[in-house]
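Hi,

Here is the structure I promised to pass on. Have a look at it first, and my notes on what turned up follow underneath.

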Amino acid sequence: MMLAGRTLLITGAARGLGREIARTCAAEGARLVLADIDLPGVQATAETVGARAVPVDLGDAGSISALAASIAAHEGGLHALINNGAVATDVGGMGFEDIELELWDRVMRVNVRGTWLMTRAVAPMLRAAGTGRVVNVASDTALWGAPNLLSYTASKGAVMAMTRSLARELGKDRVGVTCVAPGILTTESTDYVPEARHRLYAEGRAIPGPQSADEITGTIAFLASEAALTLTGQVLPVNNGFVFNA
Ligand SMILES: NC(=O)c1ccc[n+]([C@@H]2O[C@H](COP(=O)([O-])OP(=O)(O)OC[C@H]3O[C@@H](n4cnc5c(N)ncnc54)[C@H](O)[C@@H]3O)[C@@H](O)[C@H]2O)c1
């Protein structure tokens, strides 16, 4: 099992992709801490995979520090952080001139600042692990320039940029930082996306058709494992070939 003996923190694990990542990582032998702002939701995930659920608001610095302290106290360390939690629902469908300031600020606060603060909070434990890993979940919309989604694509572009800079800062302590960029998935959060956008992806992929969350979780589990040790600073589109890296 790829993750035997490793303790992982997965944010945004109440539903969607985060819940599927938890299932795969549990099956690969990881000890899991699952965190989300939706406490009943993340407790339900935790029950199904035998994990510990902790509430967190990724928009709140104190809440993030409390989560890290809870892991230090209960698990005593951490091998990998999967920064999956994000404002990813109802973020699109409007032109850049129509985005409310409140939405822009909330997306940036949670998706960008939250990723930075969460990584900062657990960095001492990742350094101590000796084989620490951070896996950031971005989106390939930031690579191909999806329209009518500007706050979200900007936030995910920032997550890609942070992946590279964090890889350089954490690398000297043998902590690897990578980023996956999924395309559109068949999860709850994409119900609001127009059928035409789903079709655009389904027809534009090198491997055509829809993509479910469980199809990309194996890559994420690998990136959180010791086997991925030489991969750092890289952004991997996990999108059945909709858009390619240079
Ligand atoms: N579903 C897709 O098509 C798709 C495509 C590309 C990238 N992604 C990325 O994958 C990740 C998961 O997406 P999803 O589709 O499962 O979205 P989702 O909205 O279903 O899940 C996001 C999770 O994050 C949690 N969350 C939101 N705000 C939070 C906060 N302030 N503090 C703590 N938790 C918070 C939510 O409660 C939810 O459980 C996101 O980073 C998203 O951007 C998803």
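**Around the ligand**

There are 30 residues surrounding the ligand, and the closest are Gly 12, Gly 16, Ala 86, Leu 185 and Ser 189. Before you set anything up, keep in mind that this is a predicted model. If you want to know which element gives the most to the shell, look at helix 1, residues 16-27, which supplies three residues. By type, the shell splits into 13 nonpolar residues, twelve polar ones and five charged ones.

**Helix 4 and its two partners**

Two packed helices are described by the angle between their axes and the distance between the axes. I have both values for two pairs here, and helix 4 is in each of them.

Take helix 3 (residues 61-74) against helix 4 (residues 101-129) to begin with: they pack at an angle of about 25°, and their axes are 9 Å apart. Angles under 35 degrees count as roughly parallel, so helix 3 is roughly parallel to helix 4. Their crossing is right-handed. On the helix 3 side, the contact is made by Ala 61, Ile 64, Ser 65, Ala 68, Ile 71 and Ala 72. Helix 4 answers with Leu 117, Met 118, Ala 121, Val 122 and Met 125. Sorted by type, the residues of this contact come out as ten nonpolar, one polar and no charged.

Now for helix 4 with helix 6: the two axes come within 9 Å and cross at roughly 15°. That angle makes helix 4 roughly parallel to helix 6. Here, too, the crossing is right-handed. The contact draws on Leu 103, Trp 104, Val 107, Met 108, Asn 111, Val 112, Thr 115, Trp 116, Thr 119 and Ala 123 of helix 4. From helix 6 come Ser 151, Tyr 152, Ser 155, Ala 158, Val 159, Met 162, Leu 166 and Leu 170. This contact divides into 13 nonpolar residues, five polar and no charged.

**Three buried residues to click on**

Leu 58 sits in the loop between strand 3 (52-55) and helix 3. Is Leu 58 buried or exposed? It has 25 C-beta neighbours inside 10 Å, so Leu 58 counts as buried. Its C-alpha atom is separated by 4.9 Å from that of Gly 114, although the two are 56 residues apart along the chain. Leaving aside neighbours within four places in sequence, Leu 58 is in contact with Thr 11, Ile 64, Gly 85, Val 110, Gly 114 and Met 118. Two of those names, Ile 64 and Met 118, are also in the helix 3 and helix 4 contact.

Ala 129 belongs to helix 4. With 20 C-beta neighbours inside 10 Å, Ala 129 counts as buried, because the cut-off is 20 or more. Apart from residues up to four places away in sequence, Ala 129 touches Gly 77, Leu 78 and His 79. The C-alpha atoms of Ala 129 and Arg 174 are separated by 9.0 Å, with their positions 45 residues apart along the chain.

Arg 133 lies in strand 5 (residues 133-137). What does its neighbour count make of this arginine, buried or exposed? Arg 133 has 28 C-beta neighbours inside 10 Å and so counts as buried. Among its contacts beyond four places in sequence are His 79, Ala 80, Val 175 and Gly 176, along with Leu 223, Ala 224 and Ala 228. His 79 is 54 residues from Arg 133 in sequence but 6.4 Å away in space, C-alpha to C-alpha.

**Two backbone oddities**

Most residues other than glycine have a negative phi, and most peptide bonds are trans. Which places are worth a look on that score?

One is Asn 148, whose phi is positive at about 60° although it is not a glycine. You will find Asn 148 in the loop between helix 5 (141-144) and helix 6 (150-171). It is partly exposed, with 16 other C-beta atoms within 10 Å.

Another is Arg 174, where phi is near 60°, again a positive value in a residue other than glycine. Arg 174 is in the loop between helix 6 and strand 6 (176-182). With 15 other C-beta atoms within 10 Å, Arg 174 is partly exposed.

Cheers

Methods. Residues are numbered from 1 along each chain as its sequence is written. This is a predicted model: local features need pLDDT of at least 70, side-chain atom pairs count only at pLDDT 80 or more; totals for chains, interfaces and linings use all residues. A residue is near a molecule or strand if its C-beta atom, placed from the backbone, lies within 6 Å of it. Helices (H or I, at least four residues) and strands (E, at least two) are DSSP runs, numbered from the N terminus. Ala, Val, Leu, Ile, Met, Phe, Trp, Tyr, Cys and Pro count as nonpolar, Asp, Glu, Lys and Arg as charged, and the others, Gly among them, as polar. Axes are lines fitted to C-alpha atoms, for helices over the stretch in contact, and angles run from 0 to 180 degrees between N-to-C directions. Angles under 35 degrees count as roughly parallel, over 145 as roughly antiparallel, 65 to 115 as roughly perpendicular and the rest as oblique. A crossing is left-handed if the near helix is turned anticlockwise from the far one by less than a right angle, and right-handed if clockwise. Two residues are in contact if their C-beta atoms, placed from the backbone, lie within 7 Å. A residue is buried if 20 or more other C-beta atoms lie within 10 Å of its own, exposed if 12 or fewer, and partly exposed in between; C-beta atoms are placed from the backbone.
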